[in-house]
Structure formats: structure tokens, C-alpha cells
Protein chains: 2
Amino acid sequence: MRIFKYLLLIVVLAIASQAFAQTDAPAMTDDEMVTATDIFFDRCAGCHGVLRKGATGPNITPEHFANDNKGLPYIKAVIFGGLPGGMPDWGRQGILTDEEQDLMARFVLNDPPQPPTWEFGNIKDSWELLVPVADRPTEPQSKRNWENYVGVILRDVGKAAIIDGDTRELVTVVPTGYATHILRSSKSGRYFYVIGRDGKASMIDLFMDPPAVVAKVRPCLDARSIESSKFEGFVDKYAVVGCYWPSAFVVFDGLTLEPIKMVSTVSYVKGAGELVQEARVAAIVASEDSPEWILNVKESGQTWFVNYSNVDKKGHPLDVTMIDTERYLHDGGWANQRKYFIVAANAENKLVVIDPATREFVASVEAGVKPHPGRGANWVHSKLGPVWATGNIGSPEVTVVGVDPEGHPDQAWQAVERIEMPFTGTLFIKAHDASPWVITDFTVSSNPKGSTSLCAIGKESLKVEKCWEVPGAADIKARIVHIEFTKDGSEFWVSAWANKETPSFIAVYDSNTLEEIDRITGDWLLTPTGKFNVYNTANDIY
Amino acid sequence: MRIFKYLLLIVVLAIASQAFAQTDAPAMTDDEMVTATDIFFDRCAGCHGVLRKGATGPNITPEHFANDNKGLPYIKAVIFGGLPGGMPDWGRQGILTDEEQDLMARFVLNDPPQPPTWEFGNIKDSWELLVPVADRPTEPQSKRNWENYVGVILRDVGKAAIIDGDTRELVTVVPTGYATHILRSSKSGRYFYVIGRDGKASMIDLFMDPPAVVAKVRPCLDARSIESSKFEGFVDKYAVVGCYWPSAFVVFDGLTLEPIKMVSTVSYVKGAGELVQEARVAAIVASEDSPEWILNVKESGQTWFVNYSNVDKKGHPLDVTMIDTERYLHDGGWANQRKYFIVAANAENKLVVIDPATREFVASVEAGVKPHPGRGANWVHSKLGPVWATGNIGSPEVTVVGVDPEGHPDQAWQAVERIEMPFTGTLFIKAHDASPWVITDFTVSSNPKGSTSLCAIGKESLKVEKCWEVPGAADIKARIVHIEFTKDGSEFWVSAWANKETPSFIAVYDSNTLEEIDRITGDWLLTPTGKFNVYNTANDIY
């Protein structure tokens with residue numbers, strides 16, 4: 001009978017997993033489990049998921065290794081030496097010790113510990129309003145050109161630095177919690193929203209002198225994305241955090257970070273597959289043409305349009321349009337003057353094109369191996385018209401896509417050019433109208449020369465015109481990562497990401513000559529990664 | 001450190017639950033677990049949930065009993081004698097034997113077996129298109145007045161009977177699977193959609209002679225609701241099934257039941273509470289003013305508007321507006337010419353009023369104890385204007401609510417009358433414009449006289465004008481349940497729900513004189529419950 005069959009199945013599975021755990025899983029002490037859980041969260045969960053079912057990286061559950069007959073020696077070797085296509089060489093780089101490599105190999109052959117719950121009550125309890133709105137200044141308190149401030153993530157020390165984009169002077173360093181991930185500007189530009197990989201969010205008021213954190217909250221235990229409401233009438237009104245764990249998004253008051261509503265993203269793969277408990281929210285963009293955020297649910301391959309225009313009404317109505325796209329959605333940005341949104345489905349080596357006006361899934365474009373656009377790069381080519389480009393982690397290619405179906409239908413949603421690059425491992429690509437170049441990094445290249453180099457692609461030639469190693473990066477074992485332009489686009493800045501004991505630098509380049517014109521340094525400049533110019537971030541210029 | 005704390009917590013909880021299970025849980029054999037799981041599904045899960053966290057009935061997890069120091073003897077006593085407010089007296093009624101009562105008492109002191117998964121692949125595999133659309137007749141093949149057919153649920157034998165509402169002759173009996181729950185008519189009236197408590201759905205073509213099942217599918221393992229798309233341009237185009245387990249809804253092609261998309265309803269309580277894995281879809285209604293279904297997510301206290309107008313496009317876009325209302329949402333229907341939707345939150349003894357035009361949560365109205373409206377009863381009172389009424393399971397009251405804020409603002413969203421009834425246990429209430437009476441049953445009354453009686457309330461007097469015991473019901477240990485009017489409203493029919501070995505009857509009453517004018521009988525008439533007139537169901541007349 002029905003229930004009988006299921007119950008048998010459950011019993012059998014239970015016994016099977018028991019048996020498996022008992023016979024094949026290497027022994028670990030409780031202390032080792034704790035240490036391994038922390039290391040996994042820091043180094044592995046982003047790509048493999050806390051439940052280890054895979055996303056940007058493959059499934060690495062004990063069952064998976066058992067099916068593939070891949071045991072301890074194989075796993076240790078991969079942890080030491082990495083794999084083509086993105087798996088870092090943790091051992092060879094000296095980031096994990098021999099003991100830690102052995103520990104992690106044993107850890108992944110044991111069942112993952114169930115991640116803890118984190119619910120609205122926890123979020124409310126974590127909320128701290130440090131400076132009420134009434135106590136904040138009504139106009140900028142400094143003579144500095146705050147719209148050209150650059151917020152710099154000091155990733156591994158859990159801080160954000162605010163640098164004056166005009167003078168390149170440090171304005172202030174703000175503690176933002178462990179494992180800071182990205183900054184986003186509120187539409188007005190006045191506030192920087194910060195999100196950490198530990199799910200801690202904070203907001204910095206740039207009108208204050210010096211700028212300071214005015215509110216903090218912890219929406220989740222693991223997060224990557226935060227965004228502001230940008231539609232007319234909702235400027236700076238709401239904020240949203242996309243959580244990795246628990247799999248959900250949380251809507252906040254944009255001026256205080258008081259939590260308003262929590263929505264689970266637990267969902268079925270493409271609306272027709274397995275139920276994913278770990279369905280993490282990756283990239284979020286805010287529309288300026290409608291009161292909506294576009295959220296990307298990584299594991300279930302769904303793009304969600306979230307309309308916040310009624311969320312203040314009784315019952316907090318929230319309108320969510322769910323579109324099935326591709327797996328695993330990661331990062332992306334606007335193309336062709338925000339007419340389209342393009343997001344990478346990096347496990348399927350595809351780019352997903354969404355039309356925000358009609359909320360339609362327009363097309364999938366073949367990228368290279370594991371595309372990683374950040375928000376991508378936009379420019380207009382004399383013949384091809386408006387194009388958008390991404391780099392790829394797993395192949396030496398910049399993929400250039402035609403994004404103008406009206407004006408250039410033949411090129412639309414095609415890879416109009418696949419530019420061969422000298423290295424793999426590109427994390428970021430950036431452009432600005434004031435520069436003839438498109439700049440890429442190779443941050444996770446397994447070639448040390450690659451991870452310290454930059455390349456410039458000609459916007460017209462669609463060829464690599466110049467590549468260079470950033471002097472001094474190798475000496476401090478730094479990787480060159482992330483490009484950002486200043487407000488007027490005359491300069492671009494790149495970070496040298498060293499370990500957290502080593503003061504590092506930001507190199508400043510002339511965006512026309514490609515000459516290094518300055519270098520920002522200081523004891524405070526530890527593990528710089530992403531950089532966010534207030535004006536460019538508030539207005540989605542990239 | 002953060003993760004360390006959580007891990008400790010998890011370990012502690014694990015040990016605690018282990019310890020609990022070892023010390024307090026009465027022993028059960030595998031066979032006993034299987035039997036108990038089946039009985040629980042049939043008799044208990046509807047109100048308490050498969051995870052036993054409670055809904056219409058209270059939380060009955062082992063932890064709950066442990067905290068309340070309620071052990072085996074208490075639980076046995078309740079299973080035997082029931083409780084006021086809805087818990088049936090399974091023992092006293094002789095539905096569960098002494099052994100079964102003891103078994104179930106021990107079962108609920110053991111952790112619930114994890115319910116099995118059921119995903120899109122299972123649904124696709126279960127789909128059977130018995131008669132393709134092209135092979136179906138283009139017009140009714142019988143001379144009968146099919147718009148006055150009455151579909152009768154033969155609940156415990158897993159069948160549906162089609163009866164001619166003009167002649168009261170049996171047209172046919174259709175097998176619809178184990179534990180048939182309700183019928184709904186497609187907007188055109190041509191198709192009956194059937195859903196079983198075992199999650200099996202089927203559709204019956206009334207143009208065929210005799211009417212027959214043309215398609216079958218199993219969306220879930222446990223379900224209660226099914227509905228058709230009723231908006232202009234989408235007549236009979238889509239169907240939706242609201243699942244209890246897994247907690248989800250599934251959209252189907254309305255002519256073939258081919259599955260299109262599955263959406264999880266796992267959600268946070270009122271958008272600000274705990275994450276509920278068992279978030280079951282209760283009542284569904286279809287709007288005729290927009291391409292939407294209104295779904296009610298019981299455990300999370302959310303009402304979802306599901307817009308199906310784009311679901312055929314690439315990526316199957318589905319638009320879901322989530323409103324936080326009250327727990328635990330159960331059943332409900334349209335009020336005041338479909339201007340408002342009213343649903344019972346029966347654990348909070350409230351009625352939730354939703355405005356479908358603005359998608360707003362308009363009001364909560366205090367009902368009696370455990371309101372259970374079915375779809376409710378609508379009529380117009382000379383002074384109070386349009387009203388809507390519900391019965392209550394747990395108190396002897398019919399609650400009459402004013403539903404015309406424009407014309408009668410003083411009465412709007414108030415209990416304008418609380419009519420005292422002779423019994424508790426009302427499951428259904430029904431009205432029709434052609435009758436001066438509102439009729440109620442008392443199906444789950446603990447008083448045997450109540451469970452075999454009907455009452456008639458005067459639409460103008462708002463008083464109980466007549467109550468009577470249905471002759472012959474007690475003799476066959478039947479409960480009188482569910483009222484349905486014929487198309488012209490000149491008659492109403494009620495079911496005598498006996499056990500499945502006992503041929504029973506449907507009593508037919510004159511809807512003005514309240515005299516019994518006929519009785520439908522037959523060997524085939526086993527466990528009749530809900531009755532659905534094609535015209536009234538297709539047009540939401542109640």
C-alpha cells in the first residue's frame with residue numbers, strides 16, 4: 001500500500017545512510033568538526049553550498065564521492081593542487097596547511113552538519129539603529145565631493161574604507177563586521193549599504209563627517225547581495241538583502257534597516273525539478289522603471305521580480321514574478337541603458353537575458369567556461385551597436401554579446417566576439433564611456449603571472465591591446481582584483497588583495513593612456529577587493 | 001565563535017532528541033509504524049498535519065506532550081472520547097478499535113516518520129491522458145440538461161456519482177481514486193475536476209455519454225483543493241491543485257491535466273515568523289475579474305494571488321502576490337457578488353477579508369469557535385444589505401457578516417448577527433436566491449441528534465425558524481452533511497454519510513416549504529458527502 005511503500009523506502013534510506021556513515025566516513029573529533037565547519041564556510045561554501053550539493057562548484061556530498069569511488073587521497077590532491085575551471089590550489093598557495101587539507105578532506109567525506117535556523121525574531125533582535133533619522137544631518141557636513149567617494153571593501157578584516165575620489169585621501173575606515181562582501185549605494189547616493197558573507201548588513205551615512213554606520217542588522221547567516229529601492233517615489237525607501245543561508249530574501253526600511261518582511265526562496269529547480277532547500281539569492285539589481293528588484297535564485301535557476309510598492313500596506317503585500325531560467329545563477333547586471341538584465345548561469349556556461357519591461361526570459365547566450373561578469377561591461381561599438389561583455393573563470397575568453405535587438409537584430413543575443421585572453425580566472429570586467437578600453441582582471445588564474453595582471457581590450461578593435469603585470473603585487477603575494485572607474489571616468493582603480501597581515505595597495509591608472517598615475521597605500525589598506533564609486537554605483541554605470 | 005556556538009547547539013539538540021526518543025517514546029514494531037502512519041494520514045493529518053505541528057487541530061508532537069506532561073493515558077482518553085471544539089470521539093464512535101486507539105496513542109509519542117518527497121518528475125510520470133481533446137465530442141452527447149447535473153462525492157469508496165438534477169436519476173458513477181475530497185467545475189461547466197485526499201486529480205467530461213474521466217494525474221501525496229481558470233480568454237485553459245504534501249501548488253493544462261509548473265509554498269509565518277516546511281494550500285478560488293487564483297497557505301497564514309496569464313511563455317512566468325493574513329487559513333469563498341473573498345482562520349477564530357481588486361487585506365472579523373464556512377452563504381438582507389455567513393465547528397453559532405462597505409458602511413466587516421444554534425459541529429452552510437432559507441448541518445456535532453439534523457435560518461428574521469432530524473439517518477449511523485441547491489434553487493439536497501458498507505441516501509427538500517420531496521438511494525450510493533451542481537459551482541453560487 002502507498003504509505004507502506006514510502007515508509008519502507010525511508011527506512012531503507014535511513015539504514016543505508018547510517019551504514020554509509022559508519023563504514024566510509026573518516027573519524028573526526030568534535031573540535032575538528034567545528035574547525036572544519038568554519039573553514040568550509042570561509043573557503044568552500046560559496047561555490048559548493050553548505051549542504052554541498054554544488055552550484056558554481058560541483059556536488060561534493062559524501063554520496064557523490066562514494067558513487068564516483070573518489071576517496072581521501074583524490075580529495076586531498078584536489079584540495080592541494082586545485083582543478084582547472086575554478087577550484088583553487090589551497091595547498092600549493094599555502095592558504096591551507098597540510099593538517100587543514102587533511103582535515104577538510106575528511107570533513108567532506110562526513111555528512112555536512114545541518115546549518116542552524118535564522119528567523120525573523122533573530123533578525124529583529126540583531127537590529128541596531130545607531131543614529132535615528134532625525135539625528136542625521138540634512139546636508140553634507142564635509143566640503144569633499146562625496147559623490148566621487150569610493151567605498152573599498154577590506155574583505156578579510158571586515159571593514160570598508162571610504163576614499164575621496166578627487167584627492168585619493170582616506171576619508172575614514174568603517175568596521176562592517178566579519179567577511180565584508182560588497183557595497184551598494186542608495187539611489188540618492190547618500191548611503192552605502194554593506195553586506196558581509198556572514199549575513200551582517202550595515203548602512204553608512206556619507207553626509208556625516210566622517211561618514212559612519214547609522215544602522216546595523218543581521219538578515220542571515222550567509223549572504224552576498226544587498227540593494228536599494230531606486231524607482232521614482234521610492235528613492236532610498238527600502239533595502240533588500242539576498243540571503244545564502246537561510247535561503248530567503250528580507251525587505252528592510254531603507255533609512256533604518258528595520259526588518260519588514262522575510263520571504264523564503266526554497267523552490268523547485270526551474271519550476272519542474274527537485275525541491276531545493278538551499279536556493280540561494282545571488283545577484284540583485286534594482287529597476288528604475290518600475291518599483292521592483294530583480295533577484296536571482298541560484299540553485300533553482302529562477303529569476304524573481306519583487307515588486308515592493310505595496311509592502312507598507314496591511315499584510316505587507318509583496319508581488320513576486322517567478323521566471324524559470326538556467327542554473328546556477330550567479331552575478332549579472334544591466335545592459336543597453338537598463339533595457340535588459342543579463343545574469344550568468346555559470347554551471348551551464350550560459351548568460352540569461354531578461355526583459356524587465358515584459359518580465360520575459362528573452363534568450364540564453366553561450367558564454368565561455370564559468371562566466372563571471374560581476375555586473376559586466378557596457379559600451380557601444382560603431383558597427384555592432386550596444387554590446388555587453390563578461391569574462392570567464394574557466395576559459396581564456398571575454399564574451400561580447402550584442403544587446404540591441406531593435407537597432408542591431410542580427411547581433412542581438414549572439415556572442416558577436418569571443419576575445420581570446422592570455423589567462424583564465426577572470427572575476428571582473430569594467431568599462432566607462434570616458435575610456436576607450438575595457439579592463440579585465442585574472443584574479444583566480446592558477447598562473448601567478450595571470451593573477452597579478454590586467455588586460456585592456458579596445459572597444460572598437462575588440463582585441464586585447466595591452467596586458468601588464470602590476471608591479472609589486474607578486475612581492476606581497478597579492479592577487480589583482482576588481483576594477484572601478486572614478487565618477488568622470490578619467491581614472492580606474494584596481495586592488496592588490498594580499499593576506500590580512502600585509503598592508504597592500506590600490507593602483508590608480510589613467511583610463512586613456514593606461515599609465516599608472518598613483519598608488520594608494522597605508523597600514524589600514526588590508527585585503528582590499530571590491531571598490532564602489534558612489535555616483536557609478538548609484539547610477540549603475542559599468 | 002559563531003559557527004562553534006551553532007554546532008554546539010545542534011549537537012545538544014541532537015543528543016536531547018535522541019535521549020527523549022530513547023527514554024519516553026513507547027516501543028513500536030515496523031508493522032505498527034506502517035499501520036499507524038496510514039491511520040494518521042486518514043484520520044488525523046488533515047487537522048494536525050503530517051509533521052503534527054498543528055493547524056485546525058493543536059500541535060501533537062512528542063515534544064509538545066513532553067512539555068505538557070501529557071502521557072499515554074491522557075492521549076488514549078482523548079482519542080476515545082474526543083474534545084470539545086472538534087476532536088472526534090474515535091473510540092466512542094467505534095471508528096477506531098481499542099487496539100487502534102492504543103496504537104495511535106503510542107504513535108504520537110514517537111517522532112513522525114519523515115513524509116516522502118514527490119516532485120515534478122513523479123507528477124509527469126503519473127499523468128494519463130485517457131481521451132485526447134481531438135477525440136472528445138464537440139457538443140453534449142446526451143439529451144439530459146447537463147448544466148443541472150449534480151456531482152456527488154462518494155468519499156470513502158473513492159468515486160464520484162453524476163446525478164441528473166432534473167430527474168434525480170443516476171447518470172453514472174466514475175472511479176476517481178482513493179479518498180475523493182471535492183469537485184470543481186470548469187468555468188464552461190463542461191468539465192468536473194476532482195481532487196482526492198491522496199492527491200490524485202482527474203477530470204470528467206460531461207459532454208460524453210455517459211460522462212467519463214478523460215485525464216488523470218497525481219500532483220501530490222495529500223491535497224484538498226483544485227480550481228479552474230475562469231477569467232475571460234482563459235475559460236477552461238488551466239487548472240491548479242493546492243497540495244498539502246508536499247507543500248506546493250501545481251499548474252496544469254486545463255484540458256489535459258499535463259503539468260506545467262510546480263511552486264513551493266514553504267514560507268515564513270505571516271512573513272515574520274518561523275519557516276514552515278508544512279505550509280499547506282487550503283481553499284482556492286478563481287477570479288472572473290482578473291487572470292488569477294486566490295490560494296490560502298494554511299500554516300504560514302498567507303493569502304497568495306497567483307496570476308496565470310503568462311505561464312505559457314518561455315520560463316513559465318508566474319506572478320504571485322503574497323499577503324500576510326491570519327493562521328490557520330482553511331476554507332472560504334466569495335462575498336457580495338465576488339467583490340470580496342472571505343476565508344476562515346480557524347485557529348484564531350477569525351474571518352479574513354481580502355479585496356481582490358486591490359489585493360488588500362481589508363479586515364479580520366471575530367467568528368465563533370473554529371469557523372468552517374465551506375464557501376459560506378450569501379444573501380441580501382432588507383436592512384443590512386449584502387451579508388455572508390459561516391457556521392462554526394466549536395460553538396453553536398452562525399456568524400453573519402456585513403459585506404457591503406459602500407452601501408452599508410456601519411455593518412461592513414462586523415458580525416451583524418450571531419445566531420444561536422441548537423448544536424455545535426457545523427461544517428456547511430448554504431443559500432440560494434430562490435430560497436428564503438439559509439440551511440446548516442451539524443455534521444461533527446458530538447451530539448448524535450445534532451449530527452443527523454439540519455436547521456433553516458430565515459434570511460430576513462436572522463433566526464432559526466426550523467430544525468429537524470433527518471429520518472432514517474440515525475438508523476444507518478449516518479451523519480448528515482453538506483447542502484447543495486439545484487440550478488433553479490427550487491430544491492436542496494443533503495447527504496447521509498454512513499460507513500462504506502452501508503448503502504445510504506441523499507434527501508431532497510423543497511427549498512421553500514422545507515418538506516422532503518424525494519430521496520435518492522441505490523447500492524452505489526456509498527458514503528456520499530459533498531454535492532456540486534454544475535451551474536452553481538461553475539458560477540460560484542452559494
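## A walk across two chains

Start with both chains on screen: 54 residues of chain B are in contact with 54 residues of chain A, where contact means heavy atoms within 4.5 Å. Before going further, note that this is a predicted model, in which local features need pLDDT of at least 70 and side-chain atom pairs count only at pLDDT 80 or more, while totals for chains, interfaces and linings use all residues. Residues are numbered from 1 along each chain as its sequence is written, chains are lettered from A and ligands numbered from 1 in the order in which they are written, and side-chain values use heavy atoms, with hydrogens and water left out.

**Stop 1: the interface**

Colour the two chains separately and look at where they meet. Chain B and chain A bury about 4800 Å² between them, 60% of it on carbon and sulfur atoms. That buried area is the accessible area (1.4 Å probe) that two parts lose on being put together, summed over both.

Now show side chains. The rule finds four salt bridges across the interface of chain B and chain A; a salt bridge is a side-chain nitrogen of Lys or Arg within 4 Å of a carboxyl oxygen of Asp or Glu. Select Asp324(A) and Lys261(B) to see a salt bridge whose closest N and O atoms are 3.2 Å apart. Polar contacts between chain B and chain A come to 16 residue pairs, both at pLDDT 80 or more. A polar contact here is a pair of N or O atoms within 3.5 Å; within protein, one must be able to donate a hydrogen and the other to accept it, and residues adjacent in sequence count only if both atoms are side-chain atoms.

Which elements of chain B each supply at least two residues of the side that touches chain A? Pick out helix H1 (2-24), H2, strand E12 (259-264), strand E13 (267-268), strand E18 (318-324) and strand E22 (360-366) of chain B. Helices (H or I, at least four residues) and strands (E, at least two) are DSSP runs, numbered from the N terminus. E18(B) gives the largest share of that side, seven residues. By class, the side of chain B that touches chain A has 31 nonpolar, eleven polar and twelve charged residues. For that tally, Ala, Val, Leu, Ile, Met, Phe, Trp, Tyr, Cys and Pro count as nonpolar, Asp, Glu, Lys and Arg as charged, and the others, Gly among them, as polar.

Stay on E18(B) and add strand E18 (residues 318-324) of chain A: five bridges join the two, which run antiparallel. (Two strands pair if DSSP finds at least two bridges between them.) Click Leu318(A) and you'll find it opposite Met322(B).

**Stop 2: a helix in chain B**

Select helix H5 (residues 98-107) of chain B. Gln101(B), Leu103(B), Met104(B), Ala105(B), Arg106(B) and Phe107(B) are buried there. Buried means under 20% relative accessible area, exposed over 50%, and partly exposed in between (1.4 Å probe, protein chains only). Add helix H2 (30-48) and helix H4 (72-81) of chain B, and you have what the buried residues of H5(B) pack against.

**Stop 3: a sheet in chain B**

Next, an open sheet of five strands in chain B, ordered E1-E8-E7-E6-E5 with antiparallel pairing. Strand E1 (128-129) and strand E5 (180-185) of chain B stand at the edges, each with a single partner strand, so one side of each has no neighbour in the sheet. Zoom in on strand E6 (residues 191-196) and strand E7 (residues 201-205) of chain B, an antiparallel pair with five bridges. Tyr191(B) faces Asp205(B) in E7(B).

**Stop 4: a threonine in chain A**

Is Thr256(A) buried or exposed? It is buried, with a relative accessible area of 11%. Look for Thr256(A) in the loop between strand E11 (248-253) and strand E12 (259-264) of chain A. Its side chain reaches the backbone nitrogen of Glu258(A) at 3.1 Å. Thr256(A) also touches residues including Trp127(A), Leu129(A) and Met203(A).

**Stop 5: charged pairs**

The structure holds 60 salt bridges over all chains. Try Arg168(B) and Glu491(B), with closest N and O atoms 2.5 Å apart. This pair links distant parts of the chain, 323 residues apart: Arg168(B) is in the loop between strand E3 (159-164) and strand E4 (170-175) of chain B, and Glu491(B) is in strand E32 (residues 491-497) of chain B. Arg168(B) is partly exposed at 21%, whereas Glu491(B) is buried at 9%.

Over in chain A, Arg92(A) and Asp89(A) meet in a salt bridge (3.5 Å, N to O). Arg92(A) is exposed at 54%, while Asp89(A) is buried at 10%. Finish by selecting Glu32(A), Lys76(A), Asp102(A) and Arg106(A), which are linked in a network of salt bridges.

Definitions and conventions: Lists of a residue's contacts leave out its neighbours within four places in sequence.
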